[in-house]
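Visitor: I would like to understand the labels people put on a structure. Please show me one and explain how each label is earned.

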Amino acid sequence: MLAISARQETTALDRLMAEHAVGVFRYLCAMVGNGDSARDLRQDTFLKLQHQADHAGKALVYTVARNCALDYLRRQRSRNRFESTTDPETLPPTSTLPAHNPDHILQSKQLRQDILQALATMPEEQRTVFHLSEIEGVPYHDIATILEVSPGTIASRKHHAVVKLRKFLRSRGHAS
Amino acid sequence: MRPEHWKITLEAYIDGELPPQEAASFLELVNTNPAMAAEMKTRLSLRQDWQKALLSESLAQSETMAVPPIHRRRGPIPLWIPVALAACLVLVFGVSRQLSNGGGSSYQVTIAGQVSALRYGERPHKTLVLKTGYLELPAASSR
């Protein structure tokens, strides 16, 4: 009985990781701005989810990931230090599309760093809304569940995040 | 429509969050206004650039392959372990009991208890003979 239960748990966890590991990692990168810390936090996230992997949906996965990130940021704040996004070595590799043009790769890498820097200047909830909606394609309803606000609030926060990001990118010389 | 309101609606539209009817009427409105249409085009292009910068095929592949193993709970405990533990406990308990009974020690009883037992005519158990130095009671006192 115990063996069956443990096996089911493992299978459900594997499925959950296969579906969300990459997205959660990207989200955590955007939240904490550091690839290594994001990896650790992703591991924490799935550890916390292992006993409820059967019924964990996108909203629950990102809620747990967000809580892990917030705990991390709180600890960092208490040390009076926020890991900035300026260290390209610790960030996940940039887009290789189009793969044959080094200029495009460089531009894309620069854009990524600037986006992450812009996100770091936003309030945490705005950052979460922007990343989950714009990059991960999470529906407003699920983000509203994660943040415990109404979908209307999510729409408004998304708009403000986009306005801030465009302004930031314009100041860095990107087209926006 | 106020500028801020229409931009919020634009976000909702490109996120696919508007109900079909509302989306259709919004699209009609955008098509009648060149400024709105240009803004929508720009916004869609930005979204593409941002996603390209943050989403990466190579990242997705490497991350899927390199998901670190997490510490999972161990498998079920074999049946013989709890049985062996229970047997050990029974053994330890039995041995300690045996030692305390037959190992030369005697029951600890109070003098007051023995005296009151005798007073009410009860026969104290053989093993309850008191050897205190102050008072010695017979093992079997007759009435």
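Guide: Start with cover. Buried means under 20% relative accessible area, exposed means over 50%, and partly exposed lies in between, with a 1.4 Å probe and protein chains only. Helices (H or I, at least four residues) and strands (E, at least two) are DSSP runs, numbered from the N terminus. By these rules α5(A) is mostly covered, with 11 of its 12 residues buried. Among them are E124(A), F130(A) and I135(A).

This is a predicted model: local features need pLDDT of at least 70, side-chain atom pairs count only at pLDDT 80 or more, and totals for chains, interfaces and linings use all residues. Residues are numbered from 1 along each chain as its sequence is written, chains are lettered from A and ligands numbered from 1 in the order in which they are written, and side-chain values use heavy atoms, leaving out hydrogens and water.

Visitor: How do you know that the span of α5(A) agrees with its 12 residues?

Guide: The expected span is 1.5 Å times one less than the number of residues. For residues 124–135 of chain A that gives 16 Å, and the end C-alpha atoms are 16 Å apart, so the two agree. Just after α5(A), G137(A) takes a positive phi of about 70 degrees.

Visitor: What makes the buried residues of α2(B) line one face of the helix?

Guide: The buried residues are A23(B), F26(B) and V30(B). Seen down the axis, they fall within an arc of 65 degrees, so they line one face. The arc is that of the directions from the helix axis to the C-beta atoms. The face turned away carries the exposed residues Q21(B), E28(B), N31(B) and T32(B).

Visitor: Why is the contact between R39(A) and D36(A) called a salt bridge?

Guide: A salt bridge is a side-chain nitrogen of Lys or Arg within 4 Å of a carboxyl oxygen of Asp or Glu. The closest N and O atoms of R39(A) and D36(A) are 3.7 Å apart, so the pair qualifies. These two residues are 3 apart in helix α2 of chain A, separated by about one helical turn.

Visitor: What makes D114(A) buried and R172(A) partly exposed?

Guide: D114(A) has 3% relative accessibility, so D114(A) counts as buried. R172(A) has 42%, so R172(A) counts as partly exposed. Their side chains meet in a salt bridge (3.3 Å, N to O). That pair links distant parts of the chain, 58 residues apart.

Visitor: How do you know that the pair of D15(B) and K158(A) joins two chains?

Guide: D15(B) lies in the loop between α1 and α2 of chain B, and K158(A) in helix α7 of chain A, so the pair joins two chains. Their closest N and O atoms are 2.6 Å apart. D15(B), at 17%, counts as buried. K158(A), at 0%, is buried too. Both belong to a network of salt bridges that includes E134(A) and R43(B).

Visitor: Why is L85(B) called exposed?

Guide: Its relative accessible area is 54%, and exposed means over 50%, so the label fits. L85(B) lies in helix α5 of chain B.

Visitor: How many disulfides does the structure hold?

Guide: It holds 0 over all chains. A disulfide is a pair of cysteine sulfur atoms within 2.5 Å. As for cysteines, C29(A) is buried at 3%, and C88(B) is partly exposed at 46%.
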